[in-house]
Amino acid sequence: MTDALYNDDIDLSPIFDLKLALVGYGNHGRSHALCLRDSGARNIRIALRPGSPSRAKAEADGFEVVTLAEAAGWADAVALLAADEAHRQIWDTEIAPNRKPGQALIVCHGFSVHYDLIKPPADCDVILAAAKGPGGAVRQEFEKGKGLIGFWAVHQDASGRAREIALAYLAGIGSGNVGIFPTTFREETVSDLFGEQVVLVGGMVALAKASFDRLVAAGVSERMAYIDCVHEIKYLADLIQSRGIAGMYKAISDTAEFGAREIEDRIAGPELRKVFDDAMVDIESDRFARKWVETYEAGEAMVADRDADEALKIEEAGRDLRSRLYGASK
Ligand SMILES: NC(=O)c1ccc[n+]([C@@H]2O[C@H](COP(=O)([O-])OP(=O)(O)OC[C@H]3O[C@@H](n4cnc5c(N)ncnc54)[C@H](OP(=O)(O)O)[C@@H]3O)[C@@H](O)[C@H]2O)c1
């Protein structure tokens, strides 16, 4: 991968004195703020909504907390690290009306920019600085002297400095230790949504629920079914992450490998590929994005689904297993 950049290729100084407002202090917001400060960024403020449960944490970490409107009027760059579905509301009501001219916008997922949910004016650098993985891992890896693989893209370069800000920001959160690659807002957004929908979240949960039900219908206890179809996912995921698919196959029993090879193509048959095609159509158009943001803005999104999940047998079996393995509190 010859197009990767590392710390030695990157000038960190663009972030040292930049007035940087981080909107949101969740998984990514907190990790970015702590890492950027440790990397030399001296001018960070955290922008939170009124009554935010994250205020105490940000203040305990030593950051000045401001309102979103104050941040918009103060910052040279706003890193919008709030939930994607809230970006349109935040931009339209807080950032756009109060924004300092020439202020840059940084996002760590391309969603709201790619789908035109927010429309930054021409004087705005629009930068993607995506450390690929969950926010908590950004900080954990940084503390080990590493980082998450970074991807950068520039949607608008009003100042002529968008690329250097993107690279300095990503190096500041540790990605320069492991590699920073160019991408586009489209590629990052489509790939991220597709991966989480069909494999990492939607696909995995669908397989887990359907296989649990089938084993229980075959007379297997819920505990055993849960262990074989859910609990052990982590061991296989760890093997794939550390050794690849071929390495995972070498590490497991020949019986498991033979059985998997017998069924792999049948699982990924025409019906599944049609599901993938339909998901891709919804993602590549803005159908999925609009539906999600409209659902969020209507309020109470997914509350009933979350309650219904809690009552499932698969969840009961999981709670019971976790309480035995890790104690009652988990
Ligand atoms: N590059 C990657 O691989 C990757 C991976 C995961 C996530 N991400 C991106 O990281 C960003 C943040 O994700 P996260 O995992 O850090 O989310 P998170 O932990 O859920 O944190 C979300 C933050 O957004 C704030 N927020 C939500 N609605 C808001 C509103 N209406 N007004 C103001 N603030 C609001 C929350 O404020 P309160 O604290 O007040 O509740 C919270 O601080 C998203 O863009 C996401 O797509 C990128």
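Before I turn to the model, let me fix one term: by buried area I mean the accessible area, with a 1.4 Å probe, that two parts lose on being put together, summed over both. What I am showing you is a predicted model, and I would like to go through how its two domains meet and then look at a few side-chain pairs.

The domain assignment of the protein chain gives domain 1, residues 7-182, and domain 2, residues 193-326, and the centres of these two domains, taken over C-alpha atoms, are separated by 31 Å. Where they touch, 9 residues of domain 1 are in contact with 11 residues of domain 2, and between them domain 1 and domain 2 bury about 1,100 Å², with 57% of that area on carbon and sulfur atoms. On the domain 1 side, the residues that lose the most area to domain 2 are Glu85, Arg88 and Tyr115, which together account for 58% of what that side buries.

Which side chains meet in a salt bridge with Arg88? The partner is Glu297, at 3.0 Å from N to O, and the count between domain 1 and domain 2 is 1 salt bridge. Across the interface of the two domains there are also 3 residue pairs in polar contact, with both residues at pLDDT 80 or more. By class, the side of domain 1 that touches domain 2 is made up of 4 nonpolar, 2 polar and 3 charged residues.

Let me now widen the view to the whole structure, where a search finds 23 salt bridges. One pair to look at is Asp17 with Arg42, whose closest N and O atoms are 3.0 Å apart. Asp17 lies in the segment before strand 1 (20-23), while Arg42 is in the loop between helix 1 (27-38) and strand 2 (44-47), so this salt bridge ties together parts that are 25 residues apart in sequence.

Finally, the aromatic rings: a search of the whole structure finds 5 aromatic pairs. For Phe194 and Phe276, the ring centres are 5.6 Å apart and the planes stand at 80 degrees, so the pair is edge-to-face. Because Phe194 lies in helix 8 (residues 185-200) and Phe276 in helix 13 (residues 270-284), the pair ties together parts that are 82 residues apart in sequence.

Methods
Residues are numbered from 1 along each chain as its sequence is written. This is a predicted model: local features need pLDDT of at least 70, side-chain atom pairs count only at pLDDT 80 or more; totals for chains, interfaces and linings use all residues. Side-chain values use heavy atoms; hydrogens and water are left out. Domain bounds come from an automatic or database domain assignment. Contact means heavy atoms within 4.5 Å. A salt bridge is a side-chain nitrogen of Lys or Arg within 4 Å of a carboxyl oxygen of Asp or Glu. A polar contact is a pair of N or O atoms within 3.5 Å; within protein, one must be able to donate a hydrogen and the other to accept it, and residues adjacent in sequence count only if both atoms are side-chain atoms. Ala, Val, Leu, Ile, Met, Phe, Trp, Tyr, Cys and Pro count as nonpolar, Asp, Glu, Lys and Arg as charged, and the others, Gly among them, as polar. Rings of Phe, Tyr and Trp (its six-membered ring) pair if their centres lie within 6.5 Å; planes under 30 degrees apart count as stacked, over 60 as edge-to-face and the rest as tilted. Helices (H or I, at least four residues) and strands (E, at least two) are DSSP runs, numbered from the N terminus.
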